[in-house]
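Work through the exercises below with the structure in view. Each task is followed by a worked solution.

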2 protein chains.
Amino acid sequence: MSTIKEVAELAGVSIGTVSHVIGGSVPVSVALREKVLAAINKLDYHPNHIARSLKTRTTRTLGIVVPDLTIPFYPQVIRSAETTARVLGYSVIAVNSDDSTTRQKEALSLLRSQRVDGVLLVIASGQGSDGHVKKLIASNIPVVCLDRLPDGVEVDSVCVEDATAAEMAVSHLISRGHRRIAIVTGPLTLRNERERLAGYKAALRRAGIQPVSSLIWETKLHADDVKATCESHILRAPGRPSALFCTNGVTGLGALRCIVACGMSTPEDIAFATFDELSADDVFRPGITSVVQPAQEIGSKAAQILIDRIKNGINSRNRIDIRLPATLKIRESSGAPKKRRSSGLISSVG
Amino acid sequence: MSTIKEVAELAGVSIGTVSHVIGGSVPVSVALREKVLAAINKLDYHPNHIARSLKTRTTRTLGIVVPDLTIPFYPQVIRSAETTARVLGYSVIAVNSDDSTTRQKEALSLLRSQRVDGVLLVIASGQGSDGHVKKLIASNIPVVCLDRLPDGVEVDSVCVEDATAAEMAVSHLISRGHRRIAIVTGPLTLRNERERLAGYKAALRRAGIQPVSSLIWETKLHADDVKATCESHILRAPGRPSALFCTNGVTGLGALRCIVACGMSTPEDIAFATFDELSADDVFRPGITSVVQPAQEIGSKAAQILIDRIKNGINSRNRIDIRLPATLKIRESSGAPKKRRSSGLISSVG
DNA sequence: CTGTTAGCGCATTCAT
DNA sequence: ATGAATGCGCTAACAG
């Protein structure tokens, strides 16, 4: 890899001049510029961002940490964040936290060591101290949290209107005649999950239904755990709900797997709705009624806000909290309840 | 962000000593080490990788460029490459090429500028000069190509046994009684697509079936293009094939969409098999017969080879070409052909 | 317009 | 075992 010095020598100019034609901020005569460009080309010279960053104290790079790259929602977010960032002159590097607080700490530390100019953060749900998140934010490097919001931390954020979205989905199930609706949530240590749960409860109450704790199933965000939890509940036939609402794609797919594994199907045996898309609904059956989040907009907005903070300073304006509306895609899985013995509650409340 | 100098001052030692305790290569007395550690902790000091890299000329970072983060196969590969790399002391940064040669060039340039120690590359299919790939490899920075292989370039590679895998899937369709099988491939500028096509032809020939060009449908790797191409072929009823084989997830989903949009279904109206998983088969119908690639192993192996090259030098051994076997998951979509008017070919050949 | 120069933060000799 | 000094490649401030 050649250096700026070699380019300068080959072009017969000073390194300052080379730097100027690269940076473009200082005018250079056409003659010299062309000589420099030719040298750059001949040498296949790639400016050393490392050295540049050391000098400028800026990397024009954003870090984004997500819990799991293989959850389809995150690649969508990353991709749109990246697209937006590129337009604004930034590149983004993505790292996994495996949804573990420990790994998240390492990931953040790596990003800080790499001196990214700012970070987009989807916090991990695994327990453990989140002191490092506070520390990070306190350290004055710009941070925007997205999708999942930390508690008790002053930070810019972008996410969906959790409560409203959940309420919408549950209300829809109610409108289909369901009264006994279970919710499968991820860890309630996550604020979003709590809000989605609140939306669920609000919908029930508005319909005159009293939420019962036996229908609130909290699970870890791992397929196995979700399946095990659902099985233990669903198989307990007497209290079986007529509909299931899942607050995210992981619990959604896990619950559905459980339903199928138990020999049931949706909507015939149990109605179903979930946050996030589980499959291509135009091709695969059953079509799943889903709360679709504006993943693109979330990523794009978050990147914009972050870059704005980077450019204008962290205190340029008050905290920004963006809440984007979700869309309810109604499909077959949210059918009406079967009228049969297990629906005792329906008559008692309706 | 504090510097090594500040740590040294707070600890009352020289920066050399601080560097020594961080690096661990030079012995430091317990007393001083503890003072240093305490200072690091108090200051929330994060070593500046940038400065370190400038000095050491190594970043302990791998770059990986993939055509599209939202194709589920790639996050799997990235994730496992990352896991393997981390164990070996490397981190990885992922960037998209949008399957465009131009963007790929930019991405690679960025990575070089960032001075990654090596790159994992899934080449873009979009046309355009791939001179920059050759240049990259010629520049002696370690590169391992995975999934898709470039033509005429000496480079380590890891991918699936394309021809064998395709042949296996097509043979399976043949064993189900299909004789008129169409193939939907991505751009044949990609060597892998050509090999998969070759596997398809081999399977046909082995069964005494002459491949015909009217059943070889080449498309771009965009959902819209795939759908349009398939539509124009499938709707031409007289020559309609009784089975479809797709060489990747993008053409697979696109073709399936087309089938459904045309009011048909699989396997009833047309049998179907594809590279890559399209949906969770334990939950959604129809289950799709799929050639499943060992994504984890691909990512992990590629990372290992790359890091080996980084450590032992680019000429430490001969070119490594790893071909991993794929698995055929047989599901409903590859059912037997319907015996009806459109299957004229069956009797004429069988 | 063009060239010279002083660090950016750190790992590393080389002394001590 | 510790510290002082050097330079990695580059940008920016300045001088010419």
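**Exercise 1.** In this predicted model, find how many residues of domain 2 of chain A are in contact with domain 3 of chain A, and sort those of domain 2 by class.

Solution.
- Start with the bounds: domain 2 of chain A covers 58–159 + 295–322, and domain 3 covers 162–293 + 329–334.
- Two residues are in contact if their C-beta atoms, placed from the backbone, lie within 7 Å.
- With this cut-off, 12 residues of domain 2 of chain A touch 12 residues of domain 3 of chain A.
- On the domain 2 side, 7 are nonpolar, 2 polar and 3 charged.
- The centres of these two domains, taken over C-alpha atoms, are 29 Å apart.

**Exercise 2.** Describe the contact between chain A and chain B, starting with the number of residues from each chain.

Solution.
- Chain B gives 40 residues to the contact and chain A gives 39.
- Next, list the elements of chain B that supply two or more residues: helix 4, helix 5 (73–87), strand 2 (91–96), helix 6 (101–113) and helix 11 (249–261).
- Sorted by class, the chain B side has 18 nonpolar, 13 polar and 9 charged residues.

**Exercise 3.** Identify the residues that come nearest to DNA strand D, and the elements that give two or more residues to the surface near the strand.

Solution.
- There are 28 residues around DNA strand D, and Ile4(A), Ala51(A), Ser14(B), Gly16(B) and Ser29(B) come nearest.
- From chain A, helix 1 (4–11), helix 2 (15–23) and helix 4 (49–56) each give two or more residues.
- From chain B, helix 2 (15–23) and helix 4 (49–56) do so.
- The classes on this surface are 13 nonpolar, 11 polar and 4 charged.

Conventions: Residues numbered from 1 in each chain as written. Chains lettered and ligands numbered in written order. Predicted model: local features only at pLDDT ≥ 70, side-chain atom pairs only at ≥ 80, totals over all residues. Domains from an automatic or database assignment. Nonpolar A, V, L, I, M, F, W, Y, C, P; charged D, E, K, R; others polar. Near = placed C-beta within 6 Å. Helix = DSSP H or I, 4+ residues; strand = E, 2+ residues; numbered from the N terminus.
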